[in-house]
Amino acid sequence: MTLVATNVAARGLDINDPADVAKPAGVEAAEIINQISDSVISAFKAAAEDLLNTFGLSAVELLSKALAKAAGYSEIKSRSLLTSMENCVTPSLFRYLRTNNTKSKEVMRKTIKCPRQPLGSLQQCGFYVLRMMKDFVINEDSMRWLTSNCGGKTSYTKDEINEVRDEWAQYITEFMKST
């Protein structure tokens, strides 16, 4: 997660190259693939050889595609990191930087290591984000918590995710009763 952008003057606002955002997911997918038992190779070897012979891509290119799929990517698009809108930047940050004549050399880039959702649990993505938002908001010194890599927490437990899932369900239930 990148707090603030670099290269503001040259391209408006470049929070991150979308490929830079995907690279850590690829590394994590590679670590997971490395843990898979060799006993599965024989079951998938014919399909792998067929891919090599059919599509005209190198083994590295095909493995790159497999890692992308394992990490949840089918293509890389430029998106706002806050709204996920394609080909957009975060307007309020852009407006702030533009109105304050911020030069690209003045903008600091800080990468934060936040709790990461385990690969293969994409169905919980929204609840993972909600949990981190909750932790950020309820922390007495939110910016210090964030810049200390989210208090050093690397992932959330199932109970922590279930807590925000239950709170969300309760909120939605109350909201639906009031409408």
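**View 1. Exposed and buried residues of helix α8.** Lys158, Asp159, Asp166, Gln170, Met176 and Lys177 of α8 are exposed (over 50% relative accessible area, 1.4 Å probe, protein chains only). On the other side of α8, Glu160, Ile161 and Val164 are buried (under 20%). These three cover an arc of only 100° around the axis (taken from the directions from the helix axis to the C-beta atoms), which puts them on the same side of α8. The buried residues of α8 pack against α6 (125-138), contact meaning heavy atoms within 4.5 Å. This is a predicted model, in which local features need pLDDT of at least 70 and side-chain atom pairs pLDDT 80 or more, while totals for chains, interfaces and linings use all residues. Residues are numbered from 1 along each chain as its sequence is written, and side-chain values use heavy atoms, without hydrogens and water.

**View 2. Length of helix α8.** Helices are DSSP runs (H or I, at least four residues), numbered from the N terminus. The 21 residues of α8 (residues 158-178) should span 30 Å at 1.5 Å a residue (1.5 Å times one less than the number of residues), and the end C-alpha atoms are 30 Å apart, which agrees.

**View 3. Surroundings of Ser142 in helix α7.** Ser142 belongs to α7 (residues 142-147) and counts as buried because its relative accessibility is 17%. A polar atom of the Ser142 side chain lies 3.2 Å from the backbone oxygen of Asn139. Not counting residues up to four places away in sequence, Ser142 touches Phe136 and Val137.

**View 4. Ser155 in the loop between α7 and α8**. Ser155 counts as partly exposed (between the two cut-offs of 20% and 50%) because its relative accessibility is 33%. Beyond its neighbours within four places in sequence, Ser155 is in contact with Pro115, Arg116, Tyr128 and Glu160. Pro118 is 37 residues from Ser155 in sequence, with 7.7 Å between their C-alpha atoms.

Terms used
Helix = DSSP H or I, 4+ residues; strand = E, 2+ residues; numbered from the N terminus. Polar contact = N/O pair within 3.5 Å; in protein donor to acceptor, adjacent residues only side chain to side chain.
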